[in-house]
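Reader: Hi! Could you walk me through this one while I have it open on my screen?

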Amino acid sequence: MISRRTLLRMGLVCLGGFFSGSPGRALAGAFPQFYIAQVRYRGGQWDPNPQFTDAITNELELRTSIDASRERRTVSLADPELFSCPFLYMAGKYEFDPWTAKEREILRRYLTFGGFLLAEDVMGVKGFGFDAAFRREMRQVFPGRELQKLPPDHSVFQSFYLVNIIGGRQKINAYLEGIVIDNWTPVIYSQNDLAGAWSRDRSGKWLNECVPGGEAQRLAAFKTGVNIIVYSLTSDYKKDLVHHPFIKRRQNL
Amino acid sequence: MNLHLTTSSLARLSAAPILPLWILALLLAAGVAAAILQYRSIRGRLGERKAIVLSLMRLSLFCMLLLFMLNISVTTRKEHATVPSIVILLDTSPSMNLPGSKDGTRLDEAKQVLLKRLLASLTQTYDIRLYGLGDTLRELGKEEVPTLKPENKRVNVIEALKKLEGRASLAVLLSDGTVKPPDSSGSLSNGSLSKSLPVLTIPAGDPAAYRDILVSAAKAPTVAFMGRQVTIDATIANRGYANVTIPVLLKDGARLVTAKSVHFTKSGESLSVSFSFTPGETGNHMMSVSTPLQADESITSNNIANLSMKVLRDKTRILFVSGTPSPNYRFMRMALKNDPSVDLLSFVILRTPSNVINVPLQEQSLIPFPVDTLFSEELKGFDLLIFDNLPLHVYLNQNHLESIKDFVGSGGAFALIGGPNMSDGGRIASTPLNEILPVAFAKEPDYSRSARSVRVTTAGSVHPVTRLSVDKALNLRLWSEMPPLDGVNDLNVRRSGMALLESTSSPPHPVLTVGSYGKGRVMALATDFSWKWGTGMVAQGGDNSAYLRFIERAVRWLTKDPALNPITMTLPERPEEGEDAEIKVKIAEDERLTFSVFGPEGIKLPSQVKSGGAPGEYIGSFRPERKGTYRLRAETGTGSLEELLVAGGRMEKLDGAPDHEFLSSISAATGGKVVRAEDDLVSEIRPYMEKAKKRYVEEKEVPLWSLPYAVAFVVAWLTAEWFLRRRWGLA
């Protein structure tokens with residue numbers, strides 16, 4: 001039996017054939033598999049970046065095999081459809097009203113049994129506004145589990161790109177936070193306003209400037225976004241042993 | 001022991017009065033006085049003669065009454081003498097079929113001694129009982145002896161002799177000495193036999209002329225795991241050869257696995273040899289340890305010992321290839337990772353050839369998809385291949401697909417998961433995969449996004465994959481509560497397939513179909529929304545256990561995990577040729593069993609099935625007429641199970657070397673002796689029989705008044721006295 005290293009080396013040899021294959025017709029274009037469902041909540045401002053989906057969807061289609069829908073759905077925590085949404089997005093600037101016990105229980109069950117939530121503090125002020133409210137609610141949803149900084153070798157930083165800079169409209173944190181349950185991180189939290197960096201109008205013009213890094217910071221925001229979405233659809237796939245030697249080698253390049 | 005009446009009886013009387021004698025004397029005197037008074041009172045009316053008659057009659061009746069009170073008994077004595085019995089034990093074990101010291105077999109030799117020397121001369125004088133020592137200790141008729149043949153087994157001679165203790169004065173054992181218990185070293189422990197039954201042994205066979213190399217023991221684990229080393233131990237025994245080196249071969253079926261050699265310096269040695277073996281393939285393996293035949297071997301069939309070994313995987317290796325990151329992939333991956341018995345290698349196509357990458361290589365985590373290595377070389381190392389919504393034509397060529405077909409044909413499992421690319425735009429119909437699938441794609445495009453509920457088909461209600469609960473009704477309810485699927489592929493079930501789940505639409509379309517190709521199993525799940533069976537149940541307040549169970553059971557069924565098979569067979573230890581073999585079969589209570597047996601040549605043999613007592617339990621039986629490997633098949637409506645059963649030969653593992661020392665030790669332990677066939681056997685036997693002769697007296701006591709004629713006499717006397725009194729005019 002050949003070693004896994006040899007197997008992968010041999011795989012590299014056939015990479016040429018892999019990329020030179022004719023793309024043929026569009027693959028399953030009519031049936032997008034991925035869409036973003038945004039959480040509506042009471043109080044605060046639940047939709048600070050109403051036009052963020054178009055650009056990130058476009059990026060997904062351009063760079064990845066994910067067939068994403070440009071449609072954005074909105075759900076409340078009490079909505080029975082919540083459990084049909086594999087990817088929840090939640091954002092806000094200000095403090096929002098406390099969730100009811102039932103809403104917290106629904107979210108806890110959703111996240112415990114495989115759901116995923118990307119939450120963003122658009123204001124970016126620690127301990128204030130949305131940040132304070134979100135942390136308060138997460139403590140209620142997962143008692144004893146705090147949002148924690150995700151380590152640089154977390155799968156979310158390796159799921160598509162090898163990400164070491166967290167982009168966004170603003171640069172509050174150089175890291176992402178998350179709640180980890182076993183090998184799965186069902187909640188990822190950012191204060192850099194990723195969606196603000198992705199937002200553009202119908203003519204394609206960016207709606208927000210990225211400060212202080214400019215367009216490089218916006219590019220990093222897209223890379224971070226793509227990685228988060230790929231992570232939500234593949235979990236810790238990149239932790240499989242087969243990926244290890246490649247990722248290590250590229251990180252050392 | 002037989003009894004003969006030698007002297008007839010002497011009788012004597014005895015009395016045991018019920019009242020003291022002086023009272024009886026007083027009563028007698030009173031009776032005499034009363035008779036005299038009666039005589040005087042009736043003499044005037046009847047005359048002297050008649051008065052005397054009546055008075056004497058009354059007096060005699062009174063005397064009879066007194067005799068009754070004396071309680072007189074008659075005692076008879078009979079003297080008996082015993083005729084000693086002899087039990088003759090004739091060894092009919094398999095080794096007695098081997099050549100004797102002259103012409104014919106050892107049994108022929110023993111029968112000749114028995115018929116011409118023993119029975120002819122002893123029957124007249126002694127009580128003879130004849131027993132055969134074969135499968136059991138069995139009493140034989142004298143007329144059976146000429147046609148007697150060796151049997152299949154060896155009874156424990158020590159147990160047999162113990163059983164006969166007290167039934168005879170002498171035992172005569174005609175044997176070659178191989179009848180010793182399997183764990184006996186050849187000598188008897190103190191007290192294992194008593195001297196109450198001396199044993200004369202008459203040895204058969206010639207130890208000096210015996211030559212044999214045998215595999216006297218072989219031991220292997222009945223269950224082994226693929227890739228894990230197992231040890232197989234064997235013992236090789238030498239009888240009659242000196243200074244020889246013998247090769248010992250370990251084979252897996254007809255394939256030589258390894259060989260070692262053992263060197264014997266002298267006859268009588270037994271040497272152990274151990275083999276290390278790493279099974280490379282799952283399934284039932286017919287292993288054997290054997291030695292080549294040597295010149296002049298007395299038994300050639302004990303040079304091999306067959307062993308059956310079931311090889312399982314310790315982990316199920318799954319290759320999971322997904323065409324795109326999707327909730328379906330993620331939930332299925334999490335379910336597979338949840339199972340500790342699964343070793344998962346997954347590849348997700350993160351970008352297609354049409355995608356544009358905007359960063360240098362050092363910023364990408366993508367690795368190449370080693371398609372050629374996987375599907376040309378490594379595939380056989382997996383148990384299950386899953387294609388999840390994979391556009392085949394982009395990544396796999398005809399050779400890869402042929403290799404997948406061969407993988408399934410030779411026992412691998414394949415699952416095709418639905419989605420827009422399930423049929424690869426209809427191209428799958430012109431690939432080798434089309435041949436192995438249990439479904440055909442109904443139309444193009446075959447995929448549609450409309451909510452469809454599913455229901456369990458009749459087959460699905462009992463099939464292991466969809467039977468999520470033992471309770472049939474609960475299982476149906478569980479599936480009926482599953483949320484609808486948002487996308488399905490329209491398929492048609494082929495004749496080779498069996499739909500387990502179908503859409504509730506009209507007409508229904510199969511959603512989950514299973515089938516087989518060659519030795520492998522195949523499954524088609526026509527949806528990329530099966531993950532909703534997990535989250536949907538959570539939304540209803542339950543949990544995702546039904547989804548996890550479904551994935552686990554699908555994997556186990558596809559990889560033929562015995563733990564999932566509702567059919568179990570419990571095989572007998574190791575039947576021998578000609579001996580009935582009983583197999584316990586357990587199936588689901590609501591199933592019907594078909595039991596078949598195929599012989600070593602693959603021909604179906606007669607077999608029987610009867611109820612095992614409890615619901616779902618059966619006993620299948622057949623008789624292996626000769627040694628070899630028999631294939632047993634139990635089949636129900638939803639599955640089947642095959643097991644191999646090795647039937648041993650009579651001579652397999654048989655150490656047929658005549659063991660006259662063991663016979664000597666029996667004789668010594670019981671106070672008997674070893675005699676040769678040519679000795680004067682009657683003279684040898686006589687002293688034991690004389691010593692065994694015994695006499696004894698039997699006494700029998702009969703009370704006088706318990707005799708019916710004594711009572712009849714009294715009644716007749718009373719009647720006569722009454723009659724005379726009436727006739728002579730007295731009241």
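Reader: Which residues touch the most other members in the largest nonpolar core?
Author: This is a predicted model, and its largest nonpolar core has 142 residues. Those touching the most other members are Trp198(A), Ile318(B), Leu384(B), Leu385(B), Ile386(B), Phe414(B) and Ala415(B). Helix α7 (residues 215–234) of chain A gives the most to this core, with 9 residues.

Reader: Nice. What does Leu384(B) touch, leaving out residues up to four places away in sequence?
Author: Leu384(B) touches Thr316(B), Ile318(B), Ala413(B), Ala415(B), Val555(B), Leu558(B) and Thr559(B). Apart from the largest core there is another one, of 36 residues, including Ile86(B), Ala110(B), Leu114(B) and Leu133(B).

Reader: And how many residues of chain B are in contact with chain A?
Author: On the chain B side there are 55, in contact with 49 residues of chain A. Elements of chain B giving two or more residues to that side are α5 (327–337), β17 (342–348), α6 (371–378), α7 (392–395) and α11 (532–539).

Reader: What's the nonpolar, polar and charged split on that side of chain B?
Author: Its residues divide into 26 nonpolar, 20 polar and 9 charged.

Reader: Changing topic: how many helices and strands does chain B have?
Author: Chain B has 15 helices and 36 strands. Of its 731 residues, 38% count as buried. Taking contacts in chain B between residues at least 6 apart in sequence, 74% join residues at least 24 apart.

Reader: I'm looking at the open sheet of 4 strands in chain B. What's the strand order?
Author: The order is β31-β30-β34-β35 (chain B), and the pairing is antiparallel. β31 (604–605) and β35 (639–647) of chain B are at the edges with a single partner strand each, so one side of each has no neighbour in the sheet.

Reader: Which residue stands opposite Lys604(B)?
Author: That's Phe598(B), with Lys604(B) sitting in β31(B). Strand β30 (residues 594–598) of chain B pairs with β31(B) over 2 bridges, in the antiparallel sense.

Reader: Before I lean on this, where is confidence lowest in chain B, and where is it highest?
Author: The lowest is strand β1 (residues 2–15) of chain B, with a mean of 59, and the highest is strand β19 (residues 413–417) of chain B, at 97. Over residues 1–7 of chain B, pLDDT stays under 50. Where pLDDT is low, predicted coordinates should not be read in detail.

Reader: And what are the mean pLDDT of chain B and the ipTM of the complex?
Author: The mean pLDDT of chain B is 86, with 96% of its residues reaching 70 or more. For the complex, the predictor gives an ipTM of 0.87 and a pTM of 0.63.

How values were computed: Residues numbered from 1 in each chain as written. Chains lettered and ligands numbered in written order. Predicted model: local features only at pLDDT ≥ 70, side-chain atom pairs only at ≥ 80, totals over all residues. Contact = placed C-beta atoms within 7 Å. Nonpolar A, V, L, I, M, F, W, Y, C, P; charged D, E, K, R; others polar. Pairing = 2+ DSSP bridges. Buried ≥ 20, exposed ≤ 12 C-beta atoms within 10 Å, placed from the backbone. pLDDT = per-residue confidence, 0-100. Core = buried A, V, L, I, M, F, W, Y, C linked by C-beta atoms within 7 Å.
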